Every structure is written in C-alpha cells, then in structure tokens.
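New to this one? Here is a quick tour to read alongside the sequence and the 3D view.

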Amino acid sequence: MLGEEMESCLSTPFGSFIETDTDSSFKESQSGTPLAAVAEAFEELARSLETSSEDLKVSAFSNACSLVSVLFGCLGFAFKFAEMEYVSKVNDLIEASKMYDTLTNILDHDVECDTVRKQGSHSRNLRRVRLGLDLIKVLFERFLSSDECSLKEAASIAYGQVCAPFHTWAVRKAVGAGMCTLPTREQLLLRLNETDFGCPLDTSRASTLAAESSVQKEMRRYIDACSPIIEYIDNLFLSRNISLDW
C-alpha cells in the first residue's frame, strides 16, 4: 500500500509511522502533552488555510495526522480496527507527499485516472484519514457535552455516527464488544494529561481534577482547529461532484 520501502520508522501506541520532520517537533513541543501537540499541529494547519490562498500541502497535513495516533492509542482494544486502518492510510499519504505537493493534486490525479474510490488510491486513503479525524472530534464533542458522559457513551456515539455506516456487520459487532474494554472517564483524562505514557497513572483525586481542566481545554482546541480541515477535505470531493457516502 505504501509503494516504497520504509527506511525509518518510529513505534507509537498506534503502530509504526514513517519518520517525518513533525516527529522532532512533536518531541520538542513546549506544550507538555501529546494531546496539546496535536492541537497545536491542527491549529497551524487551520491558520494556513485562513492566511494563504494556497491549497493544503500533503506533507503538512500527513505529518499533523501522524500525531493523532496517540489519541487512538489511549482508547485501547476497542479501537484497534481504527489503529490498523488509520496507520496505513496516513503512511500512504506521507509517501504520496514525495510525489504530490497538495491534496488538490492528489484528488485531481485520481479523478483523471478514475481511481478516486479504488482500493489503495491516495484519494480513498485521504477519505479514510478524514473519517479518523472526525471520529476523534465527535468523540471529544460528546465527552465534553456533560461531566456525566462516560468514554463508552461518547465513543459509541462517535463510532455510530462517523464510521459504522461504512463498516461491515462483523466489524461493527467487534467494535461493540470492544467498547466494554474502554478506560473510564477518569483514566482517559489522566492518560491524556501525561507527558510520558510509560509512567504509571496517578489516580489521586487531585491529579484527576488537574487533568480534567487541562485535557478539556486541549480537546476544545483540537475540535476548533480540526473542523475547518475536515470541511476543507469534504469540499475537495464535493466540488468535483464526488459524494461522501463511501
């Protein structure tokens, strides 16, 4: 699917990504947590859309998307289906950035070759990555909607809204069964507030309260920054009379 041999890979909770320039900026981010680094990356993409008339660069987009892996990694087995799909699709776009400058270039090429919906095409993979971004966005929106909303409830609604319409019965069944293995709301807040995912969780009430304020702020940043990116991608397809029901 990637088209070229990967020369250097980094291991993440989500799988293995081709190493990019964004990896170093992710490590050196002053934000402190991976979630904040993700929010920063998408805020930068959103600013580029606002301040420039140029199309979104494949390299900048795919690099930012590679950071989102840590968010899926926090969800555990229930979203293993998303892990495998998302990693391969983002890697494909990272490889595509060596041949195509912008997302528009990718879609125009596939339109010309009539391969937009073809399995393994860059445009199809772009569509799948967009679904992954939206899955996290909707999950965060539901999670923030109420202090009483559990991760299981938020994840179930997000999956049903974003991904379930495109998955087979067997996949939907497996995801439903896996929802029982999701972390608690408190565990997710603590995990996303960590700077080192290898350390044991501090589950004290003081730590949970501190994590809640910080994590909710970063979730809102991601929601606000990701929304125009998703809309931009959707418009790339719709402006070429390509529906989004696939």
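What follows is a short briefing, grouped by topic. Keep in mind that this is a predicted model. The protein chain contains 11 helices and two strands, and half of its 246 residues, 50%, are buried.

**The overall layout**

- Going along the sequence, the order of elements is β-β-α-α-α-α-α-α-α-α-α-α-α.
- Take the contacts between residues at least 6 apart in sequence: 73% of them join residues at least 24 apart.
- On the outside, the protein chain exposes about 11800 Å², and carbon and sulfur atoms supply 49% of that area.

**The nonpolar core**

- The largest nonpolar core has 73 residues, and the members that touch the most others are Phe42, Phe61, Phe79 and Leu133.
- Helix H11 gives the most to this core, contributing 13 residues.
- What does Phe42 touch, once its neighbours within four places in sequence are left aside? Its contacts are Ala64, Cys65, Val68, Leu133, Tyr222, Ala225, Cys226 and Ile229.

**Aromatic pairs**

- The chain has four aromatic pairs.
- One of them is Phe42 with Tyr222: the ring centres sit 5.6 Å apart and the planes meet at 75°, so this pair is edge-to-face, given that anything over 60 degrees counts that way.
- That pair ties together distant parts of the chain, with Phe42 in helix H2 (residues 34–51), Tyr222 in helix H11 (residues 205–238), and the two positions 180 residues apart.
- Are these two rings buried or exposed? Phe42 is buried, at a relative accessible area of 0%, and Tyr222 is buried too, also at 0%.
- Phe237 and Trp246 make another edge-to-face pair, 5.9 Å from centre to centre with 70° between the planes.
- Both partners here are buried as well: Phe237 has a relative accessible area of 0%, and Trp246 has 8%.
- Phe42 and Tyr222 also belong to one aromatic cluster together with Phe140.
- There is a charge over a ring to look for, too: Arg185 lies over the face of Phe143, 4.0 Å from the ring centre.

**Helix H7 and Asp134**

- Helix H7 (residues 122–145) has 24 residues, which at 1.5 Å a residue should span 34 Å. Its end C-alpha atoms are 35 Å apart, which agrees with that expectation.
- How many of the residues in H7 are buried? The count is 21 of 24, so the rest of the structure largely encloses this helix.
- Asp134 is a residue of H7, and it is buried, with a relative accessible area of 11%.
- Apart from neighbours within four places in sequence, Asp134 is in contact with Val162 and Ile230.
- Asp134 and Cys226 are 92 residues apart along the chain, yet their C-alpha atoms are separated by 8.0 Å.

**Arg47, another residue of H2**

- Arg47 lies in helix H2, the helix that also holds Phe42.
- Is Arg47 buried, exposed or partly exposed? With a relative accessibility of 46%, Arg47 counts as partly exposed, whereas Phe42 is buried.
- Arg47 and Ala225 are 178 residues apart in sequence but 8.6 Å apart in space, going from C-alpha to C-alpha.
- Ala225 also turns up among the contacts of Phe42.

**Two positive phi angles**

- Asp114 has a positive phi of about 60°, although it is not a glycine.
- Where is Asp114 found? It is in the loop between helix H6 (103–113) and H7.
- Asp114 is exposed, with a relative accessible area of 72%.
- Asn241 has a positive phi as well, near 60°, and is likewise a residue other than glycine.
- Look for Asn241 in the segment after H11, where it is exposed at a relative accessible area of 75%.

Note on methods:
Residues are numbered from 1 along each chain as its sequence is written. This is a predicted model: local features need pLDDT of at least 70, side-chain atom pairs count only at pLDDT 80 or more; totals for chains, interfaces and linings use all residues. Side-chain values use heavy atoms; hydrogens and water are left out. Rings of Phe, Tyr and Trp (its six-membered ring) pair if their centres lie within 6.5 Å; planes under 30 degrees apart count as stacked, over 60 as edge-to-face and the rest as tilted. Helices (H or I, at least four residues) and strands (E, at least two) are DSSP runs, numbered from the N terminus. Buried means under 20% relative accessible area, exposed over 50%, partly exposed in between (1.4 Å probe, protein chains only). A charge sits over a ring if NZ of Lys or CZ of Arg is within 6 Å of the ring centre and within 35 degrees of the ring normal. The expected span of a helix is 1.5 Å times one less than its number of residues. Contact means heavy atoms within 4.5 Å. Accessible areas come from the Shrake-Rupley method with a 1.4 Å probe; for residues, only the protein chains shown count as cover. A nonpolar core is a set of buried Ala, Val, Leu, Ile, Met, Phe, Trp, Tyr and Cys residues joined through side-chain atoms within 4.5 Å.
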